[in-house]
Amino acid sequence: MTKRTKAILDRLDEAYTREYKCYLNYETPWQLLIATMLSAQCTDARVNLVTADLFKKYDTVEKFADADLRELEQDIHSTGFYHNKAKNIIACCQALLERHGGEVPDTLEELTALAGVGRKTANVIRGNIFHQPSIVVDTHVKRISKKLGFTKEDDPEKVEYDLMNVLPEDHWILYNIQIITFGRQICFARNPKCQECFLTDYCLEYQKTKKQKKTEAPK
């Protein structure tokens with residue numbers, strides 16, 4: 001790990017602590033799996049509103065596996081993309097029962113073999129449930145990691161591998177948690193609060209803008 005990377009992580013630790021948080025509400029591994037599937041293109045706050053009732057109605061993997069597709073679509077309608085999400089949740093839960101005895105598996109290969117489960121969802125499960133060092137690349141992580149010079153890639157899988165090379169394992173899950181908070185509080189995609197940011201001296205975008213303004217300033 002370079003001095004620059006350590007300095008960035010130290011500031012994130014200082015600002016947000018090293019406490020592990022999950023912004024999705026759940027009580028069991030399969031609930032986190034379904035909540036994460038629902039969170040695609042949807043806010044965690046909206047997912048938590050939906051799952052509050054959803055997990056009471058469908059309180060077992062079996063009930064999700066046997067769910068009526070149209071009814072489940074209505075139950076999760078407000079999370080968006082509800083046709084695919086409902087179809088994938090039912091197929092995923094059926095596979096959990098048929099292949100894994102109703103339990104959520106812990107390997108990337110087994111998780112990504114489930115319907116609707118990509119690397120991001122799999123790594124959320126591996127990190128939060130099984131405490132395996134995993135990097136979750138969401139929109140905040142991809143966007144801000146590019147600003148910090150940790151990656152130049154746009155493809156989430158390539159970003160993941162770049163971050164694995166840059167970050168120490170003890171920060172793999174932590175970095176995601178911290179960057180989500182940072183992205184929601186300070187580094188917005190539009191109109192970021194640069195005046196409140198504690199990482200401007202490491203932000204390539206900020207430094208580039210600062211340099212341009214200096215060059216353009218009247219002499």
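These are my notebook entries on the two largest pockets of this structure, which is a predicted model.

**Entry 1: the largest pocket**

I began with the largest pocket and looked up its volume, which comes to about 940 Å³. I then turned to its walls and found that 43 residues line this pocket, with Ser39, Lys120, Val136, Val137 and Asp138 lying nearest its centre. I also noted which elements give two or more residues to this lining, and these are α2 (29-38), α6 (82-100), α8 (119-128), α9 (139-147), α10 (156-166) and α11 (172-185).

Which element gives the most to the lining of the largest pocket? I found that α8 does, with 7 residues. When I sorted the lining by class, I wrote down 16 nonpolar, 16 polar and 11 charged residues.

**Entry 2: the second largest pocket**

I went on to the second largest pocket, for which I noted a volume of about 190 Å³. Its lining is made of 16 residues, and those that lie nearest the centre are Lys147, Pro192, Cys194, Cys203 and Tyr206. The elements that give two or more residues here are α9 and α12 (204-216), and I recorded that α12 gives the most, with 3 residues.

How do the residues of this second lining divide by class? I found 11 nonpolar, 2 polar and 3 charged residues.

**Entry 3: looking back**

Reading my entries again, I saw that α9 is listed among the elements that give two or more residues to the lining of the largest pocket, and that α9 is also listed for the second largest pocket.

Technical notes
Residues are numbered from 1 along each chain as its sequence is written. This is a predicted model: local features need pLDDT of at least 70, side-chain atom pairs count only at pLDDT 80 or more; totals for chains, interfaces and linings use all residues. Side-chain values use heavy atoms; hydrogens and water are left out. On a 1 Å grid over the protein atoms alone, a cavity is a set of points where a 1.4 Å probe fits but cannot get out, and a pocket is an open set with protein on both sides within 12 Å along at least five of seven lines; lining residues have an atom within 4 Å of a point. Grid points are joined across faces, edges and corners, and a volume is the space filled by probe spheres set on the points. Helices (H or I, at least four residues) and strands (E, at least two) are DSSP runs, numbered from the N terminus. Ala, Val, Leu, Ile, Met, Phe, Trp, Tyr, Cys and Pro count as nonpolar, Asp, Glu, Lys and Arg as charged, and the others, Gly among them, as polar.
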